[in-house]
Amino acid sequence: MQQILSSWFVKGMIKATYDMWLKGWDERNGGNITMRLLEDDITSFKSDFYQNPRHVSLTQDIAALANQYFIVTGSGKFFRNVILDPTDTLAIVKVDEQGKGYYIMWGLVNGGVPTSELAAHLQSHIVRMKITNNTDRVIMHCHATNLIALTYVIELNNAELTRLLWEMSTECLVVFPEGVGIVPWMVPGKDEIGYETAKQMNKHALVLWAFHGIFGSGPSLDDAFGLIDTAEKSAEIAVKVLSMGGKKQTISTEQFILLAERFGVTPTQGILD
């Protein structure tokens, strides 16, 4: 057995993908995860890397990620199968020195390439590395049911969506005080949607793709998962409240201000106005 299968990052990807499938967020080959790995993470496992790694070119400039390693889910791979065969469904890639492509260093033993949403992931990694001082290492995308449902019935406006989610669950203001960004529907897998997602990632760790799914960023797999899970639970409550005829009472602006003061967070300006 390869030593790398016992690494914390492979085990972490197995757990995250299976948890997300159990949640119903990642049907068939839906969803994708990328996690930036440090040199110290992989040093002990390089003996399992390919001697002649396959190179894949990209159409976007990712020079800011030159020589960085990522563990990623594969294109067309089912999250429910990662636990069964991680060597087929996962890959470790290394961005080349020019930032023009990447090498597949490990995984995808039966062929294929990393997730088709890699463009969105890598552009978001560049942004989150910058604004979190390299703390954020994970980008996670899934088809969270209730968050998607809300995009059909509310105005596609960052402030309106954020205020609704904050009102549905007290902890949301504390967990994502910067709110949620929205990207209108675009063709997935294209560079353009990656750039638009990265723009929102400049201000938000959560970005909702209308009629499609959610992107979450965080320092760890647990952080990114927990962020999405919190927002999705709030969206589930919102769907139920709307189905019951809408709000008759809710958390007030004054109460949100007290909540923010109690937990030492600063809500994004404009949402509580």
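Select Lys46 and Glu39 in this predicted model. Lys46 forms a salt bridge with Glu39, and the closest N and O atoms are 2.5 Å apart. Colour the two by accessibility: Lys46 is partly exposed at a relative accessible area of 33%, and Glu39 is also partly exposed, at 40%.

**Arg137 and Asp41**

Next, select Arg137 and Asp41. These two form a salt bridge with closest N and O atoms 2.5 Å apart. The pair links distant parts of the chain, with Arg137 in the loop between H4 and strand E6 (138-142) and Asp41 in helix H2 (residues 39-42), 96 residues apart. Are the two residues buried or exposed? Both Arg137 and Asp41 are buried.

**Asp88 and Lys77**

Move to Asp88 and Lys77, whose side chains meet in a salt bridge at 3.1 Å, N to O. This pair also links distant parts of the chain: Asp88 sits in helix H3 (residues 86-89), Lys77 in the loop between strand E3 (69-73) and H3, and 11 residues separate them. Asp88 has a relative accessible area of 14%, so it is buried, the cut-off being under 20%. Lys77, at 16%, counts as buried as well.

Stay in the loop between E3 and H3 and select Gly76. Gly76 counts as partly exposed, with 42% relative accessibility. Add Ser116 and draw a distance between the C-alpha atoms: Gly76 and Ser116 are 40 residues apart along the chain, and the separation is 8.3 Å.

**The remaining charged groups**

Now select Arg163, Glu167 and Lys247. A network of salt bridges links these three residues. Side chains of opposite charge can pair when their charged atoms come close. For the whole model, the count comes to 10 salt bridges.

**Helices H4 and H8**

Show helix H4 (residues 118-131) and helix H8 (residues 191-201) as cartoons. Their axes are 7 Å apart, and the helices pack at an angle of about 25°. H4 and H8 are therefore roughly parallel to each other, since angles under 35 degrees count as such. Which hand does the crossing have? The crossing of H4 and H8 is right-handed.

**Two residues with positive phi**

Follow the chain to the loop between H4 and E6 and select Asn133. Asn133 is not a glycine, yet has a positive phi of about 55°. Most residues other than glycine have a negative phi. Asn133 is exposed, at a relative accessible area of 66%.

Then go to Arg28, in the loop between helix H1 (8-22) and strand E1 (32-37). What is the phi of Arg28? The value is positive, about 45°, although Arg28 is not a glycine. Arg28 has 58% relative accessibility and so counts as exposed, the cut-off being over 50%.

**A nonpolar surface patch**

Switch to a surface view and select Tyr152, Val153, Leu156, Trp185, Val187, Phe211 and Leu242. Together these residues make a nonpolar surface patch of about 720 Å². Within the patch, pick out Leu156, which is placed in the loop between helix H5 (145-150) and helix H6 (158-168). Leu156 has a relative accessible area of 38% and is partly exposed.

**Two more distances**

From Leu156, step on to Asn158 in helix H6. Asn158 counts as partly exposed, with 24% relative accessibility. Select Gln200 with Asn158: the two are 42 residues apart along the chain, and their C-alpha atoms are separated by 9.8 Å.

For the last stop, select Ser220, in the loop between strand E9 (213-218) and helix H9 (221-243). Ser220 counts as partly exposed, at 26% relative accessibility. How far apart in space are Ser220 and Leu164, C-alpha to C-alpha? The distance is 26 Å, for residues that are 56 apart in sequence.

Note on methods:
Residues are numbered from 1 along each chain as its sequence is written. This is a predicted model: local features need pLDDT of at least 70, side-chain atom pairs count only at pLDDT 80 or more; totals for chains, interfaces and linings use all residues. Side-chain values use heavy atoms; hydrogens and water are left out. Patches are made of residues with over 30% relative accessible area and no salt bridge: like charges are joined within 9 Å, nonpolar side chains (Val, Leu, Ile, Met, Phe, Trp, Tyr) within 5 Å. Accessible areas come from the Shrake-Rupley method with a 1.4 Å probe; for residues, only the protein chains shown count as cover. A salt bridge is a side-chain nitrogen of Lys or Arg within 4 Å of a carboxyl oxygen of Asp or Glu. Helices (H or I, at least four residues) and strands (E, at least two) are DSSP runs, numbered from the N terminus. Buried means under 20% relative accessible area, exposed over 50%, partly exposed in between (1.4 Å probe, protein chains only). Axes are lines fitted to C-alpha atoms, for helices over the stretch in contact, and angles run from 0 to 180 degrees between N-to-C directions. Angles under 35 degrees count as roughly parallel, over 145 as roughly antiparallel, 65 to 115 as roughly perpendicular and the rest as oblique. A crossing is left-handed if the near helix is turned anticlockwise from the far one by less than a right angle, and right-handed if clockwise.
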